Amino acid sequence: MLELLLSEIKRVWIEFTRYPLDAIAAVITTSALFYGLFLSTRYIAGSGMQFGTRLDAIVFGYVLWNLVLFTVNNISLGLQTEMQIGTIEQIFLSPFGASMILLVRAIASLTIHLVLVVSVLLVITLLTGRQLHFSISLILPLITVLLGAYGISFIMGALALLFKRVQQLLGLVGFVLLLLLAFPPETWSQQIRVLAPIMPMIPGTTILRSVVVRNLNLNWHELAIALLNGMAYLVLGLVVFRVAERRAKHQGTLGRY
C-alpha cells in the first residue's frame, strides 16, 4: 500500500515538473477570476461599501470550492483519460483493486494540488488585503470535507464508467458545490438549513469557516457530526462505484469509449 502511494506521488510529481506552465497558468487564472469578480462587486457597491468579514468568508469559500472541485472531478476525468488511451483494463486487473488505485491516485494528486491552492490563497489575500486565521487544528475538519468530496468523486467515477462522458454533468455539480460551499448555512432559508448536517461536506465546511474567518475554537460535537457525514458519503461513493464496476463488466463496456 505504501509502495503504491509513493509510486503515484512520484508519477504525479513527474507530470507536474514536466508541465509547470500549466500549473502557473492555473494559479494566475483562478486568482485573476476571483479578483475580477471582487473589483466588479466593489464597483457596483461603491467605494464606501465595507465588506467586513463577509469578504473573508467569500475568499475562503472560493478557495475551498476550487480544492473540492478538483477532488470531485479527479476520479471521473482520470477514468475518461484511461479509456481514451486504452489503459483502463490495467487498473481493473490490478491486485490492489480499482477503487484502491483510484483513491491512492486522488490522494497523490491532492498533495500537489494543495500547493496550487495555497498559492491561489496567498495571491488572493495579497490582492484583497484580507487576513485569514490558520492553525494546525484545521487539518481535522479539512479531512472530513475531503472524505465527502472523495465520496462524490467516486459517484461521478461510477457515472463515467457507465456513460463514458460526464463533462457537462461535472460542470453542473461544480455549480451546485459553489452554491453550497460559498454561502454559509446561516444565510439559507429555514427549510433548507435543517438539511445542512446531512448535505455533503457542509458540516466540515461550517467548522472550517468558523475557525478561518471568525477565529473560533473547534467544536468537537460538530466535528464528530462532520466526520460521520464525510465517512457516510465516502462509503456511499465506494458502494456506488463497485455496483457500476460490476455492471460495466457484465455489459462488456468497461474499456469501451
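## Close-up views of an all-helix model

**View 1. M201, a buried residue ahead of helix α9.** At 1% relative accessibility, M201 falls under the 20% limit and therefore counts as buried in this predicted model. Look for M201 in the loop between α8 (190–193) and α9. Its backbone deserves a glance too: phi of M201 is near 75°, a positive value in a residue other than glycine. For context, most residues other than glycine have a negative phi.

**View 2. Helix α9, mostly covered.** Moving on from the loop, we come to helix α9, which spans residues 202–212. How many of its eleven residues are buried? Ten of them are, and the helix is mostly covered. Among the buried residues of α9 are I202, P203 and G204 towards one end of the list, and V211 and V212 towards the other. R209 is also one of the buried residues here, as are T205 and S210.

**View 3. K164, a second residue with positive phi.** K164 sits in the loop between α6 and α7 (167–182). Its phi is near 70°, again a positive value in a residue other than glycine. Is K164 buried or exposed? With a relative accessible area of 12%, K164 is under the 20% limit, so it counts as buried.

**View 4. Aromatic rings within helix α3.** There are four aromatic pairs in the model by the ring-centre rule. One of them joins Y62 and W65: the centres are 6.1 Å apart and the planes meet at 40°, a tilted arrangement. Both residues belong to helix α3 (residues 53–85), where they are three residues apart, about one turn of the helix. An α-helix has 3.6 residues a turn, so residues three or four places apart point the same way. Both Y62 and W65 are buried.

**View 5. An aromatic pair between helices α6 and α10.** F154 and F241 make an edge-to-face pair, with 5.5 Å from centre to centre and 70° between the planes. Which parts of the chain does this pair link? It links distant parts: F154 is in helix α6 (residues 139–163) and F241 is in helix α10 (residues 220–251), 87 residues apart. F154 counts as buried because its relative accessibility is 0%. F241 is buried as well, also at 0% relative accessibility. If you widen the view, F92 comes in: F92, F154 and F241 form one aromatic cluster.

**View 6. E3, an exposed residue in helix α1.** E3 lies in helix α1 (residues 2–18). Its relative accessibility is 64%, over the 50% limit, so E3 counts as exposed. A distance to try on screen is the one from E3 to L132: their C-alpha atoms are separated by 37 Å, and the two residues are 129 apart along the chain.

**View 7. Stepping back to the whole chain.** The protein chain has ten helices and zero strands. Its C-alpha trace spans about 60 × 40 × 35 Å along the principal axes. The radius of gyration is 19 Å, which agrees with the value near 18 Å for a compact globule of 257 residues. Of these residues, 46% count as buried. Among contacts with a separation of 6 or more, 82% come from residues 24 or more positions apart. The chain exposes about 14,200 Å², and carbon and sulfur atoms supply 68% of that area. As for charge, there are 17 positive and 10 negative side chains, and the centres of the two sets lie 6 Å apart.

Key. Residues numbered from 1 in each chain as written. Predicted model: local features only at pLDDT ≥ 70, side-chain atom pairs only at ≥ 80, totals over all residues. Heavy atoms only, no water. Helix = DSSP H or I, 4+ residues; strand = E, 2+ residues; numbered from the N terminus. Rg over C-alpha atoms; globule rule 2.2 N^0.38 Å. Buried < 20%, exposed > 50% of the residue type's maximum accessible area, 1.4 Å probe, protein only. Contact = heavy atoms within 4.5 Å. Areas by Shrake-Rupley, 256 points an atom, 1.4 Å probe, with all protein chains shown as cover. Lys, Arg positive; Asp, Glu negative; His and termini not counted. Charge placed at Lys NZ, Arg CZ, Asp CG, Glu CD. Phe/Tyr/Trp six-rings, centres within 6.5 Å; stacked < 30°, edge-to-face > 60°.
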